[in-house]
Each structure stands twice: as structure tokens, then as C-alpha cells.
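Take a moment to turn the structure around before reading on, and keep the sequence at hand. The paragraphs below begin with a single helix and then move outward to the ring pairs, the charged side chains and the chain as a whole.

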Amino acid sequence: MAVDRVPVLKRCRSLGMDPIYLGIDKKSNRELKRANRKVSEYGLQLREKQKAKFIYGVLEKPFRNYYAKASKMEGQAGTNLMVMLETRLDNVIFRLGFARTRREARQIVDHKHVLVNGKCVNIPSYLVKAGDTVEIREKSKSAQRYKDILEVTAGRMVPAWLESDQENLKGVVKELPTRDEIDVPVNEMLIVELYSK
């Protein structure tokens, strides 16, 4: 399986984004030394795509498949793409506050700690639907790991489209998110322009 091993803060610096969107509180002390060159239109579009891929931890081929699906759905392709990325199971676990970062959420799902509607799901890219119940399985709930995670994520805001029960490590997807509820610094219109060339 392909794994992105680029240091997170270095990647955030190169994409010009804040590591807080990944659930990381650290700040890089270094400044990016970039010549004052004018970035081309293609360069801007590519950077937006790389930002979205990096934030959600998606590789190129699956990302392209998401775009292909999003463009066939009714409505705007860019908005559909962002909603699909936001409703990935690993992202929902992160948003509910059951993981410190999306990478940790992905590992939790991979290790079969997550139940969706009572069934074990170990596919991080599983797309949840409105009305789905997502919870950590009984056997894992008492683990020290989750107590530590809840201490760190206690102050994190849970989006309005999710309902979180921190004590029972359980959450409900009330509805699919709208673009306004997705607080990711990505201009999806540039991604659509990039793929529609």
C-alpha cells in the first residue's frame, strides 16, 4: 500500500496552509524561501488539488475516481467532491473527536475498531450516509488510547451535520454536510477547472 512519508509540517509549509486543519497543533518556525515568482493558473489549480489530497490523505487515483463520480452526480461537481471527501469514514471518526488526526483515524478504522450501524467496517474510504451510526466497538472502548484521545479532542467543535456522544464513543450522521459546513481551505472550483481540461 502506498504511504505518504513526507514530513507533515514541511508539506503544510510548501502548500501554504495551517497544520491545524490536519489536527496538529505544532507550528513550523521556518519560513518558506520562495522566489517572488508569479504562479501560473495551472500552478494554482494543482496546489488546490494537492491541498485537498493531503488534508484527506487520498492518493491520486482514488482522488480522480472521486472526481469522476462527483461530476456524474447532480449539482456542482466541486461541491459533490468535497461532500464525498468529508463523508469518508476516517474523516467522520476525526470529526467526531475519536482521533487526534485523520491519519490516526485511518489507523483506527484499519484495525477494525469501528462499527457502522453495528457492523465492523475496516475500509477508511467507506462513505457514510445520512442516518448512519458510527461507534467504536465495545472491546476497544475501555482502552487507554481513547481516554487519551478524548482528553486532547475535548475542546474540538463537532460539525452541525454530526451528533457526537463522547462518553459512549458513538456518533450519528444527521445529514450530509453542505459546502458551508466544510471548513477546509480548498477552492474546489480550481480542482474542477484542472480536471475539466
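In this predicted model, a good place to begin is helix α4, which covers residues 77-86 and is largely enclosed by the rest of the structure, because nine of its ten residues are buried. The buried residues of this helix are Ala77, Gly78, Asn80, Leu81, Met82, Val83, Met84, Leu85 and Glu86. What do the buried residues of α4 pack against? They pack against four other helices, namely α2 (41-56), α3 (60-72), α5 (89-96) and α9 (188-195).

Two of those neighbours, α3 and α9, are also joined by aromatic rings. The structure holds two aromatic pairs. Phenylalanine 63 and tyrosine 195 make up a tilted pair, with 6.2 Å from centre to centre and an angle of 35° between the planes. Since phenylalanine 63 lies in helix α3 and tyrosine 195 in helix α9, this pair ties together parts that are 132 residues apart in sequence. Phenylalanine 63 and tyrosine 195 are both buried. The other pair is formed by tyrosine 67 and tyrosine 195, and it is stacked, with the centres 4.9 Å apart and 25° between the planes. Here tyrosine 67 lies in helix α3 and tyrosine 195 in helix α9, so the pair ties together parts that are 128 residues apart in sequence. Tyrosine 67 is buried, as is tyrosine 195. Through these ring pairs, Phe63, Tyr67 and Tyr195 are linked into a cluster.

Rings can also be found beneath charged side chains. The charged end of arginine 11 sits over the ring of phenylalanine 54, at 5.4 Å from the centre of that ring, while arginine 102 lies over the face of tyrosine 56, with 5.0 Å to the ring centre.

Charged side chains meet one another as well. How many salt bridges does a search of the whole structure find? The search finds 13 salt bridges, and a few of them can be followed in some detail. In one of them, the side chains of lysine 51 and glutamate 48 meet with a distance of 3.4 Å from N to O. Both of these residues lie in helix α2, where they are three residues apart, which is about one turn of the helix. Residues count as buried when their relative accessible area is under 20%; lysine 51 has 9% and is therefore buried, and glutamate 48 has 11% and is therefore buried too.

Another salt bridge joins glutamate 104 to arginine 100, and the closest N and O atoms of the two are 2.9 Å apart. Are its two partners buried or partly exposed? Glutamate 104 counts as buried because its relative accessibility is 12%, whereas arginine 100, with a relative accessibility of 29%, counts as partly exposed. Lysine 141 and glutamate 135 form a salt bridge as well, in which the closest N and O atoms are 3.5 Å apart, and glutamate 135, at 14% relative accessibility, counts as buried. Salt bridges can also join into a network, and one such network links Lys49, Lys53, Glu60 and Arg64.

Return now to the early part of the chain, where valine 8 lies in helix α1, made up of residues 8-15. Valine 8 has a relative accessible area of 19%, so this residue is buried. Which residues does valine 8 contact, once its neighbours within four places in sequence are left aside? It is in contact with Leu22, Ile24, Phe54 and Arg103, and Phe54 is the residue whose ring has the charged end of arginine 11 over it. The C-alpha atoms of valine 8 and proline 19, which are eleven residues apart along the chain, are separated by 7.8 Å.

Finally, consider the chain as a whole, which has nine helices and five strands. From the N terminus on, these elements run in the order α-α-α-α-α-α-β-β-β-α-α-β-β-α. For 197 residues, a compact globule would have a radius of gyration near 16 Å, and the 17 Å of this chain agrees with that. The C-alpha atoms fill a box of roughly 55 × 45 × 30 Å along the principal axes. Of the 197 residues, 42% are buried, and of the contacts with a separation of 6 or more, 61% come from residues 24 or more positions apart. The chain exposes about 11400 Å², of which carbon and sulfur atoms supply 51%.

Technical notes: Residues numbered from 1 in each chain as written. Predicted model: local features only at pLDDT ≥ 70, side-chain atom pairs only at ≥ 80, totals over all residues. Heavy atoms only, no water. Buried < 20%, exposed > 50% of the residue type's maximum accessible area, 1.4 Å probe, protein only. Helix = DSSP H or I, 4+ residues; strand = E, 2+ residues; numbered from the N terminus. Contact = heavy atoms within 4.5 Å. Phe/Tyr/Trp six-rings, centres within 6.5 Å; stacked < 30°, edge-to-face > 60°. Lys NZ or Arg CZ within 6 Å of the ring centre and 35° of its normal. Salt bridge = Lys/Arg side-chain N within 4 Å of Asp/Glu carboxyl O. Rg over C-alpha atoms; globule rule 2.2 N^0.38 Å. Areas by Shrake-Rupley, 256 points an atom, 1.4 Å probe, with all protein chains shown as cover.
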